[in-house]
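Subject: A structure for you to look at

Hi,

Here is the structure I promised to pass on. Have a look around it, and then read my notes below.

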Amino acid sequence: MEKIWTDLYDAAKKVQRDRNISKQVSAGCVAAAVEAVSGKIYVGVCVDTACSLGICAERNAMFNMITNGEGELRRVLALMPDGKTGAPCGACREFMAQLMPDRYGEVEIMMDYSSGRVLTLEDLVPEWWI
C-alpha cells in the first residue's frame, strides 16, 4: 500500500472525535481525508442534525479543499466509528463526479484499509447519468 493512504488515515483519525454539539447536532463519528491533485490533504467530519441538514465527512473534506482554493481530487478515505474504512455514500459519489466530470473515474477510494483494497470512483459509479 502506498504511504499516502497511511497519511490520509492518520489525518482522518486526528480529527475523528464523536461529540455532541447541541441537543440536535452531533459531529465527528465519521472522519474523512481527501488528497487534492496538488498533493495536499484536507479533512472533514460528519455533522449529523435532527432535521437531516447535516453533511457527510467526505463532502465536508471536499468543501474544505474547495474553501482552500482547490477543486480536483486524487484520493478519498472515510474512517468509520469502528476504525475501519468504507465507501462514500451516493451523495458523496455524485458530488465527486460533478466536481470532476471529465476525470471522475480516476479518483481512488480506500475501501478497506486493513487489506489495502482500493477502487476507483468509476468502479463505484460505472455508468454516471451525465
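Which residues form one aromatic cluster? They are Tyr104, Trp128 and Trp129. Before I go further, please keep in mind that this is a predicted model.

**The aromatic cluster**

The structure holds 4 aromatic pairs. In one of them, the ring centres of Tyr104 and Trp128 are 5.2 Å apart and the planes are at 55°, so this pair is tilted. Tyr104 sits in the loop between helix H3 (90-99) and S6, while Trp128 belongs to the segment after helix H4 (121-124), so the pair ties together parts that are 24 residues apart in sequence. Tyr104 and Trp128 are both buried.

Trp128 also pairs with Trp129: here the ring centres are 6.5 Å apart and the planes are at 70°, so the pair is edge-to-face. Are these two Trp residues buried or exposed? Trp128 has a relative accessible area of 13%, and because buried means under 20%, Trp128 counts as buried. Trp129 has a relative accessibility of 63%, so Trp129 counts as exposed, the cut-off being over 50%.

**Strands S4, S6 and S7**

The loop that holds Tyr104 leads to S6, so that strand is a good place to go next. Strand S6 (residues 108-112) pairs with strand S4 (residues 73-79) in the parallel sense, over 2 bridges. Within this pairing, Arg75 stands opposite Glu108 in S6.

S6 has another pairing, with strand S7 (residues 117-120), and this one is antiparallel over 4 bridges. Ile109 stands opposite Leu119 in S7. The hairpin made by S6 and S7 has 4 residues between the strands, and Gly116 takes a positive phi near 75° there.

**Glu35 and its surroundings**

Arg75, which stands opposite Glu108, also takes us to Glu35. Glu35 lies in strand S2 (residues 25-36). What joins the side chains of Glu35 and Arg75? A polar contact of 2.4 Å does.

Glu35 has a relative accessible area of 5%, which is under 20%, so Glu35 is buried. Leaving aside residues up to four places away in sequence, Glu35 touches Ile4, Leu8, Lys40, Leu73, Arg74 and Arg75.

If you want a starting point on screen, try Arg75: its side chain meets that of Glu35 in the polar contact, and Arg75 stands opposite Glu108 in S6. From there you can follow S6 to its antiparallel partner S7.

Enjoy exploring!

Best wishes

Technical notes
Residues numbered from 1 in each chain as written. Predicted model: local features only at pLDDT ≥ 70, side-chain atom pairs only at ≥ 80, totals over all residues. Heavy atoms only, no water. Pairing = 2+ DSSP bridges. Buried < 20%, exposed > 50% of the residue type's maximum accessible area, 1.4 Å probe, protein only. Polar contact = N/O pair within 3.5 Å; in protein donor to acceptor, adjacent residues only side chain to side chain. Contact = heavy atoms within 4.5 Å. Phe/Tyr/Trp six-rings, centres within 6.5 Å; stacked < 30°, edge-to-face > 60°.
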